[in-house]
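Open the model in your viewer and colour it by secondary structure. The tour goes from one strand pairing to the next, then pulls back to the whole chain.

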Amino acid sequence: MKHLFFILLVCAFAWNVNADDVTLDRTGWDATASSDETYESPNNVFDSNTDSEWRAAPQKVGQWFMVDMKAPQTFNQIVLDQTGSGGDYPRSIAVFVSNDANDWGNAVFVGSGKDAAESVINLDDQTAQYIKFEVLTNCDMWWKIKELNVRLIDDKTLWKQWTGATIWQNGITWNETKNMFDGDNDSRWNTSKQRSGQWVIVDMKEPQTFNQIQLFQNGGDYPRAYEVYVSDNAADWGSAIAVGDGKDFGGTDPSTFINLIETQQKRFVKIVQTFDSGDSDMYWSINEFSVHAIENTEYRFGWTLSVFNQAGEGDAAFQALDNDINTRWGSGVVQEPGQWIILDMKKEQTFNKITMNWAGVWGDYPHGYKIYLSNERLSNDSEAWGEAVYIGENPGTDISELLIDLPLFSARCIKIEQTGTSGGWWTISELQVTDTPTNIVAMSENGAVIDMEYYNLQGVRVGARLITALPSGVYIVKQIYESGKSHVQKILVK
Ligand SMILES: [Ca+2]
Ligand SMILES: [Ca+2]
Ligand SMILES: [Ca+2]
């Protein structure tokens with residue numbers, strides 16, 4: 001009697017768990033696939049036999065596999081049976097659904113399969129007749145599907161788990177993308193050596209509002225240079241919303257924080273590595289990926305500073321932009337001509353003053369410098385910087401702050417080239433770029449100033465808002481407001 005009671009309990013438990021889970025009847029279903037380098041009948045995935053399969057050899061960008069369920073079905077899970085396939089699971093795929101096999105809309109899933117008997121793809125509830133899988137990365141591995149089942153399961157929380165897709169490189173193995181979202185700082189996704197063009201896509205399953213991306217990383221495995229893209233549909237990525245260099249912040253929060261000037265509301269994030277580490281064993285790891293919406297009242301939020309060299313973690317470049325006078329970037333080497341820093345303000349800014357501070361470090365000002373401007377982020381070597389727009393002399397004395405007064409410039413990126421020689425480092429505890437044209441922007445009753453024109457005292461027009469330089473002197477400036485009204489006054493350009 002005791003024994004029978006136990007069996008009844010087990011049955012009741014199993015019945016409760018699976019009560020509402022349904023595996024759809026596959027009778028009459030039809031599968032098709034891209035023909036190039038794919039083999040065996042696609043319909044082998046419906047014959048209830050794991051000895052028969054469809055396969056693609058090897059996985060290639062643009063390959064697709066499509067299921068026609070013959071009538072609209074409601075489902076939220078796809079199970080790819082890959083029993084005994086020896087690791088031939090899909091490395092990175094996007095899944096689309098449709099009712100006419102023509103309009104596929106936005107991807108409903110972007111991620112990777114699993115190195116296991118099954119790859120389980122969880123979705124928000126979908127009602128559609130067609131399902132299409134698209135391969136996102138080239139890979140020397142095959143993709144085999146032994147059986148494909150579509151299910152409607154009761155657990156509506158599963159689909160919300162973030163997923164990741166990633167590029168594959170021949171001969172390199174890595175850890176699974178899901179390790180980026182498992183809440184465990186010790187588990188990670190990683191590449192082998194850093195290569196320009198490596199990428200990872202995160203599918204956050206629904207649009208998230210964020211202005212900061214945090215990549216919690218493994219020791220020194222941060223991306224040496226990156227570009228960030230966002231998308232609603234995993235197809236249209238537009239241009240990069242952030243470019244920068246990864247950081248090793250060390251300590252208890254060894255993360256790369258990517259601050260975004262514009263707050264985003266997007267579902268997909270793609271991070272592209274743009275650095276090549278050559279033969280050195282420099283991996284790219286993401287142990288945890290997260291996004292945040294944070295307060296950003298600091299006007300330099302999202303700005304990045306690239307430097308020719310830094311002394312070490314304690315002298316990292318970002319510390320010249322951290323609003324803390326007691327932290328600094330330090331070059332680590334004595335001043336010689338050709339040293340450089342590049343500030344990326346992420347969007348075009350109008351400014352007429354650059355300030356560099358040194359907290360308690362005398363003599364670490366640049367002993368001569370040239371300033372270059374660009375509206376694009378360029379490498380130091382790029383000739384596109386053109387001529388220097390300003391040449392600064394050695395201040396010739398120990399100062400604690402260098403104030404560079406400039407004509408009103410407009411640009412996104414500023415390169416400062418050091419042209420002097422000194423036995424000390426080049427150090428910056430805070431780098432400020434501001435627009436303080438004494439009395440120009442004080443007027444506000446007519447709304448924002450949308451344009452300016454400059455005239456000399458003889459009334460000859462000498463420039464407009466986007467001028468690159470004005471010699472020292474007194475000018476008449478005409479400010480044109482949004483409202484269409486304008487205002488004229490005298491200014492002094494030092
Ligand atoms: Ca089969
Ligand atoms: Ca992890
Ligand atoms: Ca600082």
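**Start at a strand pair**

Select Phe 96 first: Lys 132 in E8 stands opposite. This is a predicted model. Now widen the selection to strand E6, residues 93-98. Six bridges join E6 to E8, and the two run antiparallel.

**Along E8**

Stay on E8 and select all of it, residues 118-135. Which other strand pairs with E8 here, and over how many bridges? Strand E5, residues 64-81, does so in the antiparallel sense, over 13 bridges. For one rung of that pairing, pick Val 67. Its bridge partner in E8 is Ile 131.

**An open sheet of three strands**

Next, show E3, E4 and E9 together. They form an open sheet in the order E3-E4-E9, with antiparallel pairing. Why is one side of E3 and of E9 left without a neighbour in the sheet? Strand E3 (38-39) and strand E9 (143-145) stand at the edges, and each has a single partner strand, so one side of each has no neighbour there.

Zoom in on E4, residues 54-56. Three bridges join E4 to E9, and these strands run antiparallel. Select Arg 55 to see one facing pair: Lys 144 in E9 stands opposite.

**Pull back**

Clear the selection and view the protein chain. Its secondary structure comes to one helix and 30 strands. Of its 494 residues, 35% are buried. Finally, turn on contacts. Among those between residues at least 6 apart in sequence, 74% join residues at least 24 apart.

Key. Residues numbered from 1 in each chain as written. Chains lettered and ligands numbered in written order. Predicted model: local features only at pLDDT ≥ 70, side-chain atom pairs only at ≥ 80, totals over all residues. Pairing = 2+ DSSP bridges. Helix = DSSP H or I, 4+ residues; strand = E, 2+ residues; numbered from the N terminus. Buried ≥ 20, exposed ≤ 12 C-beta atoms within 10 Å, placed from the backbone. Contact = placed C-beta atoms within 7 Å.
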